[in-house]
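Trainee: I have a structure to go through and some questions about its details. Can we take them one at a time?

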Amino acid sequence: MTDRLDDERTRIVPIGASGPLSHLDGALGAEIAALADTDQPAGTIQMFPRPLRSPALVLLAHVGAGDEAGWRAAGAGAARALPDDEPAQFDLGPASAEAVRGAAEGLWLGGYRYRDAREEPRTAEVELVTGGVEAYGESLALARTTAHATWLARDLTNTPPSLKNPDWFAEEISGASAKRAGVGVRVRTGDELARFGGLRAVGGGSKFKPCLVEMVWDPPGATTHVVLVGKGITFDSGGISIKTREGMKRMKNDMAGAAAVAAATLAAADLGLTVRVTTLLPLAENAVSGSAYRPGDVITHYDGSTSESTNSDAEGRLVLADALAYAAAELEPDVLIDLATLTGAAGVALGRSYAALYGDDDELTTALTEAGEAAGERMWRMPLHGDYRELLRSDVADRHSSPTHGGGMAALFLRDFTGDRADRWAHVDMAATCWTETSELELTRGATGWGVRTLVRYLSTVSA
């Protein structure tokens, strides 16, 4: 970040409904004012080559309404329009803290490339230019930390299943945590999972054994304890209730919830947020073999209650159930939140731009919705109909896992395991939003890292 322009670099100029938002003097300002099309949505990029003049190339980056989301879109659009080796300067003009954070976050998110992909990542820097640069240190730190945590979640989710299994995931998180002072990790395996019947059942069909990763960030002065739970199915074949070819081919992303909550926890540590965070990652591979669990099996969970499995492809709720029951019984959370790629029904109901949000606590669901809106990750609150509870009734267990009708049944199933924390719990079904087939603005084709930005914003609001 600097307060000086260099005419030898490509210039990025923000533009709003009234025209360019930075101070442009002389011939360049007159040229842009004459050619600029102000009636464009946020993130649109107009390119003006200027041969034999300086700067030789100007990009107009549209910021829409000029809010943080508009600046984020402009930054991401610029990152996509620039060649990967093209250094540039983003002339922010008299920017606000929100503009700096949005533009920087957009540039980093739009420049993401999967770390093991053949496509080369951006190597050239983009400098932000504005007056009083010393005032924007916090904005840049928030943008950098949030974007890098989102990159981590994307990397974890994009990793192919030939590499990714529960042990690999646990090692990645343990290694990343070891680099942060104050972040503790415990990995439970084997006999330590004796009470986690859902996790053991789902992972029983794979040669890669399940595990439970528990991360802890507990800084001095923290007064609020937030427990995050993320579904971590490293590959989901559907088990004996096997998926179709189309339904299975992207199931390396079925651990996107675990990736998001883990990355957000590391971000909380990087930012020094004074909120206690315990994060649970139930990790398993749902495979087909002679030891796979079956429809009709009865599973005993951490809290001692039982579930009849009626569909082995409804595995996510079984591993989450154990983790939620453990959290409610042992961790005394003030807030309990789970993120999961849980149902195709969420995408049918809301499309690919909204995650489904469930919970009885109006204050918590509102706070999450507002955090998501600010972060650019939208949620829509769905009903939890008590009348549907009867549809979970089993003749041989306390409940069964997969009713064939009734809205929000997975969320109702999970609520059973939150104990006396049911009124402080929220469930986010992000199955439809965790992946994108196209690259657009801050999203790059593949894993989106959905949920990281929302959780960082939310944790910042409850930080003491």
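Mentor: Start with a term. Helices (H or I, at least four residues) and strands (E, at least two) are DSSP runs, numbered from the N terminus. Keep in mind that this is a predicted model.

Trainee: Which helix gives the largest share of the lining of the largest pocket?
Mentor: Several elements supply at least two residues each: helix 7 (245-248), helix 9 (316-331), helix 10 (344-350), helix 12 and strand 18. With six residues, the largest share comes from helix 10.

Trainee: Which residues lie nearest the centre of the largest pocket?
Mentor: The lining counts 44 residues. Nearest the centre are Leu342, Thr343, Gly344, Ala345 and Ala346.

Trainee: What volume does the largest pocket have?
Mentor: Take the space filled by probe spheres set on the grid points. For the largest pocket, that volume is about 910 Å³.

Trainee: How many salt bridges does the structure hold?
Mentor: Side chains of opposite charge can pair when their charged atoms come close. The cut-off here is a Lys or Arg side-chain nitrogen within 4 Å of a carboxyl oxygen of Asp or Glu. The number of salt bridges is 37.

Trainee: How many residues apart are Arg389 and Asp416?
Mentor: Their side chains meet in a salt bridge, 2.5 Å from N to O. The pair links distant parts of the chain. Arg389 sits in the loop between strand 16 (378-381) and strand 17 (399-400), and Asp416 in the loop between helix 12 (409-415) and strand 18 (425-429). The separation is 27 residues.

Trainee: Is Arg389 buried, partly exposed or exposed?
Mentor: Buried means under 20% relative accessible area and exposed means over 50%. Arg389 has 28%, so this residue lies in between. Its partner Asp416, at 27%, gets that label too. Arg389 is partly exposed.

Trainee: In the salt bridge of Arg421 and Asp420, is Arg421 buried or exposed?
Mentor: The two side chains meet at 2.9 Å, N to O. Asp420 has a relative accessible area of 53% and is exposed. Arg421 has 11%, under the 20% cut-off, so Arg421 is buried.

Trainee: Which residue forms a salt bridge with Glu437?
Mentor: Glu437 is partly exposed, at 40% relative accessible area. Its partner is exposed, at 56%. The closest N and O atoms are 3.5 Å apart, and the partner is Arg445.

Trainee: Which residues are joined into one network by salt bridges that share partners?
Mentor: One of the members is Arg457, which is also among the buried residues of helix 13. The full set is Glu68, Arg72, Arg101, Glu105 and Arg457.

Trainee: How many residues of helix 13 are buried?
Mentor: Helix 13 spans residues 452-462 and is mostly covered. The buried residues are Val452, Arg453, Thr454, Leu455, Val456, Arg457, Tyr458 and Leu459. Of the 11 residues in helix 13, the buried number is eight.

Trainee: Which residues does Ser139 touch, leaving out those up to four places away in sequence?
Mentor: Ser139 is found in helix 4 (residues 137-158). At 8% relative accessible area, Ser139 is buried. Its contacts are Ala97, Val100 and Arg101.

Trainee: Which residues are joined by a cis peptide bond?
Mentor: Most residues other than glycine have a negative phi, and most peptide bonds are trans. Here omega is about -5°. Pro55 lies in the loop between strand 3 (45-49) and strand 4 (57-62). The bond joins Ser54 and Pro55.

Trainee: What phi does Leu52 have?
Mentor: Leu52 is also in the loop between strand 3 and strand 4. At 92% relative accessibility, Leu52 counts as exposed. Leu52 is not a glycine, yet its phi is positive, about 65°.

Trainee: And where does Leu441 lie?
Mentor: Leu441 has a positive phi of about 50° although it is not a glycine. At 23% relative accessible area, Leu441 is partly exposed. Its place is the loop between strand 19 (435-436) and strand 20 (446-447).

Trainee: Which residues make the nonpolar surface patch of about 270 Å²?
Mentor: Patch members need over 30% relative accessible area. Val288 has 47%, so Val288 clears that cut-off. Val288 is found in the loop between strand 11 (276-286) and strand 12 (298-300). The patch is made by Ile240, Ile242 and Val288.

How values were computed: Residues numbered from 1 in each chain as written. Predicted model: local features only at pLDDT ≥ 70, side-chain atom pairs only at ≥ 80, totals over all residues. Heavy atoms only, no water. Patch = residues over 30% accessible without salt bridge, like charges linked within 9 Å, V, L, I, M, F, W, Y side chains within 5 Å. Areas by Shrake-Rupley, 256 points an atom, 1.4 Å probe, with all protein chains shown as cover. Buried < 20%, exposed > 50% of the residue type's maximum accessible area, 1.4 Å probe, protein only. Contact = heavy atoms within 4.5 Å. 1 Å grid on protein atoms, 1.4 Å probe; cavity = no way out; pocket = protein on both sides within 12 Å on 5 of 7 lines; lining within 4 Å.
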